[in-house]
Amino acid sequence: MENTNILWADDEIDLLKPHVLFLEEKGYSVSTVNNGHSALEMVKTTQFDLVFLDENMPGLSGLETLAKIKELKPGLPVVMITKSEEEQIMEDAIGSKISDYLIKPVNPKQILLSIKKNLETKRLVSEKTTSQYQQEFGSIGMSMSDRLSIAEWKELYKKLVYWELELEKSSDEGMAGILKMQKSEANNLFCRYVEKNYVNWVNGKSADPPLMSHQLLKNKVFNHLSDKDPVFLVVIDNLRYDQWKVIEPVLSEFFNVEKEELFFSILPTATQYARNALFAGLMPSEIQRLFPNLWVGDEAEEGKNLHEEELLAANLKRMGKNSKISYHKITTHENGKKLAENISNLMNNQLNVIVYNFVDMLSHARTEMEVIRELADDVTAYRSLTLSWFEHSPLFDIFRHISEKKCKVIIATDHGTVHVKEPIKVIGDRNTNTNLRYKQGRNLNYNAKEVFEVKNPADVFLPKVNVSTSYVFAKEDKFFAYPNNFNYYVQYYKDTFQHGGISMEEMIIPVITLVSK
């Protein structure tokens, strides 16, 4: 309200003096004119926050004045005031991008409400959001412990993401900072929880296990294959839950969300492990044992996810599913466009799998390319960049075309990413893998308190390159750096998005069931 300038144009402006005085008493500065030409001159020379414009003025009409104001100041909110309720006049005004309209005679409360709606909504929403989070801050804090159940951890993470997205719309940076600290505390407790329970989860010895990567298809996809309509499984790699929440409104034009669920990525939260496990329905060491020709180790130069289609086919056969399937991996814009154009050709398949690699490319490019680094220098910008890309991507066109065919769509991912901040030192030999969030090798040297260590890979169904192979996982927002080039690593990789380790963002990931509208 402070320093808010309003222009009011009405040929009977003298009769509106009481309204003007009312607004001035409320602290608004109001300039008045009695015709369209004077209104335009004022708009040219004075900075206004809002214009009240009479629709029925002699000379230059309200609609004509509105059009010229929008030419001069496209972003200036204009409220049309009219005696007429004719539909044509309203449609013309709305088509000319009015912000609101009022029917004469207007009363002071209507005027005040219109001002608040157009000028103070953002502030009021911000204040309300901040107030609501302040009220919930205590209950979130009280609920946090490393003794939460799987369901409670999922709900806590959903709640933290919800407030993260809500406070993004607020101008209260202090409250956003408090949420960041609360989320950091939650991540610390989550990492303790994973360390304590992970071995039991993967060995079937837990009373409260999460659904994990290797169990996803059996539990969330294969049960739909008996449906008469084809099923599309779209695996968008590296998709965090918060990124799903920002693209959800875009997809809601074409789909209803039948189920929004969360499952857990296996460790390492890296494509080679988590996505192969997802398609195979097996843990990594089981894949290596049963399909030695399809498993590629960390030390190999070749691609690590070249055999997903064969692993999927073997999984279906093992489950007794004789389904006609298609598999498409999209790694380029052109491939995506081609698939979007050919969706109708897939309708005779019971299951169509689409693996879309872009989000993974984006997160790696975020590290490698300076322009991406500048565009996505924090979590908010990273989400925004994901949304912007999605809205203009072939993937969006693919979803749109699928929606026209009345199919069921399941969106899943292999793992998320975390915004890394704090370097921790590790020493390994030349065969140690290069991932910044997990290390696999022999004779690894590290501070055991800073990592989750697995000295016997068989305990967590991970492949063993040699007898002394061990795995270590970075936790929370930490990343591994070598002491002999420590400053370079820190400068180059700090504030990038990485995966492979333990954090809520990497491990608690979405599986969404959509049905066409």
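This guided tour moves through a predicted model, stop by stop, and states what to select at each one.

**The whole protein**

Begin with the entire chain displayed as a C-alpha trace. Along its principal axes, this trace spans about 95 × 55 × 40 Å. Switch to a cartoon view, in which 19 helices and 19 strands belong to the protein. Of the 517 residues, 53% are buried. Next, display the surface. The exposed area is about 23,900 Å², and carbon and sulfur atoms supply 49% of it.

Colour the charged residues by sign. There are 61 positive and 72 negative charges, and the mean positions of the two groups are 7 Å apart. Contacts may also be considered across the whole protein: among those between residues at least 6 apart in sequence, 75% join residues at least 24 apart.

**The largest nonpolar core**

Select Phe190, Tyr198, Phe399 and Ile411. These residues have the most contacts inside the largest nonpolar core, which has 82 residues. Helix α7, residues 173-202, gives the largest share of this core, namely 11 residues. A second, separate core has 22 residues, including Leu216, Val235, Leu278 and Tyr327.

Return to Tyr198 and display its surroundings. Which residues does Tyr198 touch, apart from those up to four places away in sequence? They are Met212, Ile266, Leu267, Met283, Phe452, Val460 and Met507.

**The cysteines**

Select Cys191, and then Cys407. Cys191 has a relative accessible area of 1%; because this value is under 20%, Cys191 counts as buried. Cys407 is also buried, at 3% relative accessibility. A disulfide is a covalent bond between the sulfur atoms of two cysteines. How many disulfides does the structure hold? The number is zero.

**Helices α9 and α12**

Select residues 241-251, which form helix α9. This helix is mostly covered, as nine of its 11 residues are buried. Among the buried residues are Tyr241, Trp244, Val246 and Ile247, and also Asp242, Gln243 and Glu248.

Proceed to helix α12, residues 308-318. Its buried residues are Glu308, Leu311, Leu312, Ala314, Asn315 and Leu316. Against which elements do the buried residues of α12 pack? They pack against the helices α8 (216-221), α10 (271-280) and α11 (284-290), and against the strands β8 (325-330) and β9 (351-356). After α12 comes Gly320, which has a positive phi near 75 degrees.

**Backbone features in the loops**

The next stops concern the backbone. Most residues other than glycine have a negative phi, and most peptide bonds are trans.

Select Lys104 and Pro105. The peptide bond from Lys104 to Pro105 is cis, and its omega is near -5 degrees. Pro105 is found in the loop between β5 (100-103) and α5. Then select Leu267 and Pro268, which are joined by a cis peptide bond with an omega of about -10 degrees. Pro268 belongs to the loop between β7 (255-264) and α10. Leu267 has already appeared on this tour as one of the residues that Tyr198 touches.

Continue to Lys406, in the loop between α17 (394-404) and β10 (408-412). Lys406 is a residue other than glycine with a positive phi, near 60 degrees. Its relative accessible area is 47%, so Lys406 is partly exposed.

Select Asn443, in the loop between β13 (438-441) and β14 (445-446). Here too phi is positive in a residue other than glycine, with a value near 55 degrees. Is Asn443 buried or exposed? Asn443 counts as exposed, because its relative accessibility of 65% is over 50%.

**Strand β16 and helix α5**

Select Ser470 in strand β16, residues 470-474. Ser470 is buried, at 10% relative accessibility. Leaving aside residues up to four places away in sequence, Ser470 touches Lys439, Gln440, Gly441, Leu444, Val454 and Lys455.

For the last stop, select Gln134 in helix α5, residues 108-143. Gln134 counts as partly exposed, with 47% relative accessibility. Now add Ala448 to the selection and draw a distance line between the two C-alpha atoms. Gln134 and Ala448 are 37 Å apart in space and 314 residues apart in sequence.

Methods:
Residues numbered from 1 in each chain as written. Predicted model: local features only at pLDDT ≥ 70, side-chain atom pairs only at ≥ 80, totals over all residues. Heavy atoms only, no water. Buried < 20%, exposed > 50% of the residue type's maximum accessible area, 1.4 Å probe, protein only. Helix = DSSP H or I, 4+ residues; strand = E, 2+ residues; numbered from the N terminus. Contact = heavy atoms within 4.5 Å. Disulfide = S-S within 2.5 Å. Areas by Shrake-Rupley, 256 points an atom, 1.4 Å probe, with all protein chains shown as cover. Lys, Arg positive; Asp, Glu negative; His and termini not counted. Charge placed at Lys NZ, Arg CZ, Asp CG, Glu CD. Core = buried A, V, L, I, M, F, W, Y, C linked by side-chain atoms within 4.5 Å.
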